[in-house]
Amino acid sequence: MAQLRIPGPTPCPDEVLQAMTKQMINHRGEGFGQILHGVIANLKELFQTKNDVFLLTASGTGVMEAAIVNTLSPGDRVLAVSVGVFGERFATIAREFGAEVTALKFEWGKAADPDAIRQALHADPKIKAVLLTHNETSTGVTNDLATLSSIVKEFDKLLLVDTISSLGSIKLPLDDWHCDVAITGSQKGWMAPPGLAMVSVSEKAWQAHQSAKMPRFYWDFAKLRSYLEKGQTPFTPAISTVFALSVSLEMMLREGLANIIARHTRVGQTARDGVKSLGLSLFADESHASNTVTAIAISNGLDASKLRRILREEHQIILSGGQQSLADKIFRIGHLGWITEADIAEVVGALKVALPQAGFRGAS
Ligand SMILES: *Cc1c(COP(=O)(O)O)cnc(C)c1O
């Protein structure tokens, strides 16, 4: 079996895959309601939140859009903090729906600077909301959300956070860190297939929702809330993925959130130590390197597409390339969800064999 080491979709345990072979059920029936309520309760525990949590049938980008259209109106001023491709995407969605976006961009590979955010909020008191990415999957950087969110709250702004590739994998107490809307997707750290997105909505976000005028129909949080009271989703959900997620969440709770976070910390460290031991360098500033994805700089003669082809064809290991302008600058190892240190050791072992074959001349 191939080792899929990309930052989503991630591999699923057998129990989770088995759950997807079950026959369809009535999504307006009592049986589905019980499963849905169980999934929501377990998500709240793993999100460490008392806020509302909803399940939508979408990929992660769908809930990025939902976060924006449910809380903002055209013309609202938004500070979009970006450290990579996904931060840019969040800003673009806000702009497309008519928000007045102030872009605060940081060099790719670096984390967002708290002081710059404080200055930007100082400079424009009319800003209503701040868009942040917790874990920037395109660069392998984890922002210091504890610090950044406390600054956003000093100014009492609405905080919308892309936690798609961090929630459930790395430390992220949503309520302690004042996340008004936080979002994630089933195919990232949740050990489930693609198809579902999850969102948490705070009281402050609900207040924003009351006056928010951006167009929305499929994504409306109010519909999600009223249907959830009946144990339903407003529209037909990806039922098989709900079955899968309900099993993977039980597995996660059996392991325990603290153990899951500790495992990702060890796995992240193993990945970084491993690639450095081969003479490769990290793309991300190491003090903010992510424990769910490692981005590696292409250097010293390395042909990264050839490397990924050798790994795929001769070692059955699938790694990711870089996105957009990072395509010829980095490659990435995804290590979130169903992953152990031994899995990463296998990747490092294969890299050791394949690197010289792909032109890498070792550290200069
Ligand atoms: C994967 C990812 C997304 C987009 O998710 P899709 O499911 O592909 O729509 C957005 N933000 C981050 C940080 C991600 O890792």
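**Close-up 1. W219 and its edge-to-face partner.** In this predicted model, W219 is buried, with 14% relative accessible area. Its neighbour in this view is Y218, which is partly exposed at 38% relative accessibility. A search through the whole structure turns up 7 aromatic pairs. One of them joins these residues: the ring centres of Y218 and W219 are 5.1 Å apart and the planes meet at 70 degrees, so the pair is edge-to-face, as planes over 60 degrees apart count that way.

**Close-up 2. Y218 stacked with F235.** Here Y218 meets F235 with ring centres 5.0 Å apart and planes at 15 degrees, so this pair is stacked; the cut-off for stacking is under 30 degrees. Y218 sits in the loop between α7 (203-211) and α8 (221-229), while F235 belongs to the loop between α8 and α9 (239-255), so the pair ties together parts that are 17 residues apart in sequence. F235 is partly exposed, at 25% relative accessible area.

**Close-up 3. The aromatic cluster.** Step back a little to see who joins Y218, W219 and F235: F217 completes the group, and these four residues form one aromatic cluster.

**Close-up 4. K22 over F243.** Now for a lysine and a ring. The charged end of K22 sits over the ring of F243, at 4.5 Å from the ring's centre.

**Close-up 5. K230 over Y227.** In this last view, the face of Y227 has K230 lying over it, with 4.1 Å to the ring centre.

Key. Residues numbered from 1 in each chain as written. Predicted model: local features only at pLDDT ≥ 70, side-chain atom pairs only at ≥ 80, totals over all residues. Heavy atoms only, no water. Phe/Tyr/Trp six-rings, centres within 6.5 Å; stacked < 30°, edge-to-face > 60°. Buried < 20%, exposed > 50% of the residue type's maximum accessible area, 1.4 Å probe, protein only. Helix = DSSP H or I, 4+ residues; strand = E, 2+ residues; numbered from the N terminus. Lys NZ or Arg CZ within 6 Å of the ring centre and 35° of its normal.
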